[in-house]
Amino acid sequence: MKNIRDGFLKGRAKSLKYTFKGAFLLLKTEHSIMTQSFIGVVFVVLGFYFKITKVEWMFQILGFGLILTAESLNTAVEKLCDFVHPEYHKKIGFVKDIASGAMTFAAIAVLILLTLIYYPYL
């Protein structure tokens, strides 16, 4: 039983290592992630400035988590498409456009969310 548990814990530690490596690579190499992270920091400062409520903080954090997740998945799809088919291909372009569209849905939802949070403070 000890070996199974040790293997499980080592596997989880290894997974965490890859998780943080991926997050660091995104922050280091992807301009859209850098930009959205900066915007997130700006809204954290605004949250403290306007003293938003705990519930508003939860929604804001969830919203920026959604944005960063959607952008990360969009980036992964684009990188995979570019690897599989480096030249332009109509079907690959379609897949990349759909992934980008998912990001658009997330961005619109978060813009509405931020408007609902900050409009009363302005």
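# Three helices and the loop between two of them

Hi everyone, let's start in a loop: Lys51 sits in the one between α2 and α3. Helices here are DSSP runs of H or I with at least four residues, numbered from the N terminus. Before going on, please keep in mind that this is a predicted model, where local features need pLDDT of at least 70, side-chain atom pairs count only at pLDDT 80 or more, and totals for chains, interfaces and linings use all residues. Residues are numbered from 1 along each chain as its sequence is written, and side-chain values use heavy atoms, with hydrogens and water left out.

Back to Lys51. Is Lys51 buried or exposed? With a relative accessibility of 68%, Lys51 counts as exposed. The cut-offs are these: buried means under 20% relative accessible area, exposed means over 50%, and partly exposed is in between, using a 1.4 Å probe and protein chains only. Now for the backbone. Most residues other than glycine have a negative phi. Lys51 is not a glycine, and yet its phi is positive, at about 55 degrees.

Next comes Ile52, which also has its place in the loop between α2 and α3. Ile52 has a relative accessible area of 7%, so it is buried. What does Ile52 touch, if we don't count residues up to four places away in sequence? The answer is Gly47, Trp57, Gln60, Ile117, Tyr118 and Tyr121, where contact means heavy atoms within 4.5 Å. If you want a distance to find on the screen, take Ile52 and Gly11: they are 41 residues apart in sequence, and their C-alpha atoms are 40 Å apart in space.

Now let's look at how the helices pack. Two packed helices are described by the angle between their axes and the distance between the axes. The axes are lines fitted to C-alpha atoms, for helices over the stretch in contact, and the angles run from 0 to 180 degrees between N-to-C directions.

I'll take α2 with α3 to begin. Their axes come within 10 Å and cross at roughly 175 degrees. That makes α2 roughly antiparallel to α3; the rule is that angles under 35 degrees count as roughly parallel, over 145 as roughly antiparallel, 65 to 115 as roughly perpendicular, and the rest as oblique. On the α2 side, the contact includes Ile33, Gln36 and Phe43, and on the α3 side it includes Trp57, Phe64 and Glu71. By class, the residues of this contact of α2 with α3 divide into nine nonpolar, seven polar and one charged. For those classes, Ala, Val, Leu, Ile, Met, Phe, Trp, Tyr, Cys and Pro count as nonpolar, Asp, Glu, Lys and Arg as charged, and the others, Gly among them, as polar.

What about α2 with α4? Helix α2 covers residues 31-50 and helix α4 covers residues 90-118; their axes come within 12 Å and cross at roughly 15 degrees. These two helices are therefore roughly parallel to each other. The contact is made by Gln36, Phe43, Leu46, Gly47 and Phe50 of α2, together with Met103, Leu114 and Tyr118 of α4. In this contact of α2 with α4 there are six nonpolar, two polar and no charged residues.

One residue to pick out here is Gln36, in helix α2. Gln36 is buried, with a relative accessible area of 16%. Leaving aside neighbours within four places in sequence, Gln36 is in contact with Phe64, Ile67, Leu68, Glu71 and Met103.

That leaves α3 with α4. Their axes are 9 Å apart and the packing angle is about 170 degrees, and α3 and α4 are therefore roughly antiparallel to each other. The contact of α3 with α4 has 18 nonpolar, four polar and five charged residues.

Let me show you three residues from these helices. Asn74 is found in helix α3, residues 54-84, and is buried at 6% relative accessibility. A polar atom of the Asn74 side chain lies 3.2 Å from the backbone nitrogen of Ser100. Cys81 is in α3 too, buried at 8% relative accessibility. Not counting residues up to four places away in sequence, Cys81 touches Ile92, Val95 and Lys96. Finally, Val110 belongs to helix α4 and is buried, with a relative accessible area of 6%. With the same residues left out, up to four places away in sequence, Val110 touches Gly63, Leu66 and Ile67. Thanks for listening!

Methods. A polar contact is a pair of N or O atoms within 3.5 Å; within protein, one must be able to donate a hydrogen and the other to accept it, and residues adjacent in sequence count only if both atoms are side-chain atoms.
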